[in-house]
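Visitor: Could you take me through this protein step by step, with the reasoning behind each answer?

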Amino acid sequence: MLKGIAASSGIAIGKVFLFEEEEFIIARRDLAENEIKKEVMRFRKAIAVVKEDMKRTSKSAYEKIGKKHSRLFDAYVMILDDPMLKNGVIKMVVKEKVNVEHALQVTINRIFQSFMEVKDEYLRERSRDIIDMGKKILKSLIGMERNGLKEIPAEVIVVAHNLSPSDTIAMRKDKVIGFAIDMGGKTSHTAILAHSLGIPAVVGLKNITYNVRPDDTVIIDGNQGIIIVNPDEITIKNYEREKKKHLDAVKELDKLRDLSAVTTDGHTIELSANIEVPEEIPMIYESGSAGIGLYRTEYLFMNRNELPTEEEQYRQYSEVSKSILPYSVIIRTLDLGADRMADGMEALAERNPFMGLRALRYCLKHPEIFRSQLRAILRAAVHGNMKILLPMISAVEELRNAKEFLVKTQEELRKEGIPFKEDIELGVMIEIPSAVLTAEILAKEVDFLSIGTNDLIQYSLAVDRVNENVAELYNPLSLAVLRLIKMIIEKGHKSGKWVGMCGEMASDPEFTKILIGMGLDELSMSAISLPKIKDSIRSISFSSAQELADEVLSAKEQSEIIKILKRDKLRS
């Protein structure tokens with residue numbers, strides 16, 4: 001049994017088709033002066049060939065899964081046009097007088113390493129896309145063709161070190177019934193496409209390619225992220241039953257798509273989705289979301305030599321705003337720090353970037369960046385129902401500085417005669433203990449509060465959740481954390497403001513009943529998690545949720561909380 005990351009739900013049982021990774025052995029070759037121009041032309045031609053191939057793949061995606069999902073491939077064309085890649089390779093060829101294959105490999109590895117140093121999971125996953133496109137360009141340069149997945153003769157489970165979205169889209173659904181790969185995470189483009197195609201998938205297995213052979217029988221449990229190699233008959237029969245149960249459950253959850261998230265006694269909760277890029281919008285439609293509760297804008301600033309222009313931001317924000325109508329979009333202003341600073345942005349070396357110059361603090365120190373983003377947001381808000389969310393507020397003075405900056409930006413647009421949304425709603429993320437303690441002051445200054453549990457838990461418990469030495473102490477059910485959440489909700493409601501939650505805690509059904517009972521008005525999560533949360537809400541009464549929350553908040557220690565939850569589950 002191997003444990004990985006559940007990327008696409010479902011269960012598949014079948015024979016292994018081992019899709020082996022190509023090996024590229026690229027030697028450095030010094031160029032004569034008269035070869036340089038020719039080498040640059042080879043690179044430009046390879047880029048053009050790969051770009052045409054991506055357009056054909058996009059067309060195939062359109063035919064298989066529709067226009068909305070085929071837009072995922074636009075991101076790959078953007079990588080091919082990225083100055084960091086193109087200019088980096090050409091500069092190395094010209095300056096160091098080396099062959100383009102070597103320059104490409106060095107440049108790709110440099111970009112990959114910079115992405116892997118970023119703590120944000122989604123941005124780390126984009127490094128896989130860079131590697132994928134680099135390999136495609138290399139294959140074009142050396143005239144190498146990879147055997148695709150189109151000619152598979154029978155139903156199989158594809159096992160590979162890595163699968164590009166191009167490989168995934170080439171799969172025939174009647175032949176490929178699941179896949180398991182060494183690399184990847186939940187937010188990779190491949191995982192998104194697997195979900196769209198309805199293919200059970202487990203990624204991040206690290207070494208499955210070394211643990212299976214062609215024609216081995218494997219079980220993929222895409223619900224739990226488990227792979228079982230050569231199972232016995234009893235295990236196969238058990239999973240056949242689980243497979244039927246899963247298919248029945250998916251059919252039932254699909255029926256909830258157009259229904260409200262309302263408890264059995266009539267209490268309604270708004271469910272929204274979190275996104276990073278516009279390509280995720282199709283998944284929002286499928287999930288039955290009531291809008292976007294958190295639009296992270298950081299990805300637009302990454303993997304580039306210069307900052308995005310106001311116009312570039314305006315176009316992307318407008319696309320999201322229009323696409324989600326008639327629902328609203330809560331767009332979070334830039335949340336970057338020294339741990340994941342974009343190129344082109346001044347960054348200080350900080351020993352503890354989580355407590356350093358980041359998010360709103362950085363924006364207020366660099367008004368030209370903040371001004372450009374606010375202008376783009378205000379202009380884009382004309383095309384839909386957009387709200388602004390300010391991250392990492394630690395004191396009311398920071399909020400007032402940001403509001404003053406917003407007013408000045410509006411005055412600037414007004415003088416220039418540029419249309420913008422005058423009455424845009426403003427909210428703050430409550431993710432720092434000092435913001436919790438002053439939440440009643442903050443709430444009076446804004447239109448809504450949004451709880452960011454990932455950092456709130458981290459800051460409150462003094463636990464770095466990516467540090468394996470203390471990761472087990474990162475506990476959403478800590479009594480301290482639960483009481484802080486309750487305090488935020490009470491202070492927000494006392495000021496007549498609605499309170500939402502956009503951290504990972506919102507996407508876990510184990511916490512849904514407690515959160516509803518504490519009085520949260522809105523939950524925002526990844527689109528894939530939304531149907532299960534909606535099902536949980538529709539199966540409980542608000543009164544019983546309130547009773548559970550009161551009982552948990554009155555507990556004296558962790559073990560008591562666990563007993564209360566187990567007892568409640570048995571009653572249900």
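Visitor: In this predicted model, which residue follows α18, and what is the sign of its phi?

Guide: Just after helix α18 comes a glycine, Gly496. Its phi lies near 75 degrees, and the sign of the phi of Gly496 is therefore positive.

Visitor: How far apart are the end C-alpha atoms of helix α18, and what span should its 16 residues have?

Guide: Helix α18 covers residues 479-494, and at 1.5 Å a residue its 16 residues should span 22 Å. Buried residues in α18 include Leu479, Val481, Ile485 and Lys491. The expected span agrees with the separation of the end C-alpha atoms, which is 22 Å.

Visitor: How many of the residues of strand β5 are buried?

Guide: Counting as buried those residues with under 20% relative accessible area, one finds that strand β5, residues 176-181, is largely enclosed by the rest of the structure. That conclusion rests on the number of its residues that are buried, which is six of the six.

Visitor: Which residue of β6 stands opposite Phe179?

Guide: Strand β5 pairs in the parallel sense with β4, residues 156-160, over five bridges, and in that pairing Gly178 is the bridge partner of Ile157. Two bridges also join β5 to β6, residues 201-203, and these two strands run parallel. In β6, the residue opposite Phe179 is Ala201.

Visitor: In β13, which residue is the bridge partner of Leu390?

Guide: A closed barrel of eight strands with parallel pairing runs from β9 through to β16, and its neighbouring strands are turned by 25 degrees against each other on average, direction ignored. Within it, β12 (residues 385-390) and β13 (residues 425-430) pair in the parallel sense over four bridges. The bridge partner of Leu390 in β13 is Val428.

Definitions and conventions. Residues numbered from 1 in each chain as written. Predicted model: local features only at pLDDT ≥ 70, side-chain atom pairs only at ≥ 80, totals over all residues. Heavy atoms only, no water. Buried < 20%, exposed > 50% of the residue type's maximum accessible area, 1.4 Å probe, protein only. Pairing = 2+ DSSP bridges. Expected span 1.5 Å × (residues − 1). Axes fitted to C-alpha atoms, helices over the stretch in contact; angles between N-to-C directions.
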